[in-house]
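This briefing covers the fold, the nonpolar core and one helix pair of the model shown below.

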Amino acid sequence: MATTVEAGKPRVTPDGDAVPRSRPGRIRRAGLPYLLLLPALILELLVHLVPMVIGVLMSFKELTQFYIRDWGTAPWSGLDNYRVSVDFDAPVGQALLHSFLVTVGFTLVSVALCWLIGTAAAIFMQDAFRGRGLLRALFLVPYALPVYAAVITWVFMFQHDNGLVNHVLHDQLHLTDKRAFWLIGDNSFYALLTVSVWKGWPFAFLIVMAGLQNIPRELYEAAALDGAGVWQQIRRITLPSLAPVNQVLVLVLFLWTFNDFNTPFVLFGRAAPEAADLISVHIYQASFVTWNFGAGSAMSVLLLLFLLAVTGVYLALTTRGRRPSRAR
């Protein structure tokens, strides 16, 4: 007696035994996900990996303005570009080290403030109250605005004579003796930090607010019945429950802030002040201002290696205590 085979089910013999589907069918089903990912992998290869490989090759060449039209003819310099970059007794190495230290300090302070403000705002917005939806939308405005439009607005606000910042601090509140220069000198660091935190904390707020939705409300109710205050609930329930979310959030904020180029470039232009000389702008100046693309590529490779090392150490330290123990 003939049997009908439905799509997606194994063939059944007259005795009731199931016959496994053919191997080519299983292979086609197993290869379908990889086939669907192939366009994205090709695009990733063309957009990121190929320029990265070319940049690494450029770091081993003496690529100056004399070889811009045909950089393939530039002579090989070996590790000379790297030696010059890490020679901290020479002017190039000293400038790179100063830029690196400024970037590290700026990144640590900015990430800490973004996380602190974003977490505090998310916890505050956890309870329902009238106008919460509107307030959430207002909090996300800095993150939704285009970077160039937002930073240019801050440029006008930081103007010395007619900027809003000096008008409020000096004319209205009388907190300063005279109008400050925010876009030059030592104050440029605080101006850059202000814009970075203003632009970055809504992202932390959004991620933490999403993580808070996974914490059962029963935990807070039980803690309140046991007499735990608000701070004890945050310290004992909220922060431990948000540990996996904060692990990813802090890492993403660190990488974004450390590599940020748009904010200082739009805020200060091609020549950033010494106090706000972030390494991204420094590498840009080494490449496109001095026309030494070989040295700039070497600095970029060193930056990539540093970020890979920091990411590896960070993930190793943060996941060590949360690894599931093996059953004995």
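**Overview**

Of the 328 residues in the chain, 34% count as buried (under 20% relative accessible area with a 1.4 Å probe, protein chains only). The model is predicted: local features need pLDDT of at least 70 and side-chain atom pairs pLDDT 80 or more, while totals for chains, interfaces and linings use all residues. Residues are numbered from 1 along each chain as its sequence is written, and side-chain values use heavy atoms, leaving out hydrogens and water.

**Fold**

- The chain has 14 helices and two strands (DSSP runs numbered from the N terminus: H or I of at least four residues, E of at least two).
- Among contacts (heavy atoms within 4.5 Å) with a separation of 6 or more, 62% join residues 24 or more positions apart.

**Nonpolar core**

- The largest nonpolar core (buried Ala, Val, Leu, Ile, Met, Phe, Trp, Tyr and Cys joined through side-chain atoms within 4.5 Å) has 56 residues, and those with the most contacts inside it include Phe158, Leu192, Phe205 and Leu267.
- Helix H8 (residues 187-212) gives the most to this core, with 13 residues.
- Leu267 touches Val151, Val155, Phe158, Leu183, Ala191, Leu192 and Val195, leaving aside residues up to four places away in sequence.

**Helices H3 and H8**

- The axes of H3 (residues 91-124) and H8 come within 6 Å and cross at roughly 40° (lines fitted to C-alpha atoms over the stretch in contact; angles run from 0 to 180 degrees between N-to-C directions).
- H3 is therefore oblique to H8 (not under 35, over 145 or 65 to 115 degrees).

How values were computed. Buried < 20%, exposed > 50% of the residue type's maximum accessible area, 1.4 Å probe, protein only.
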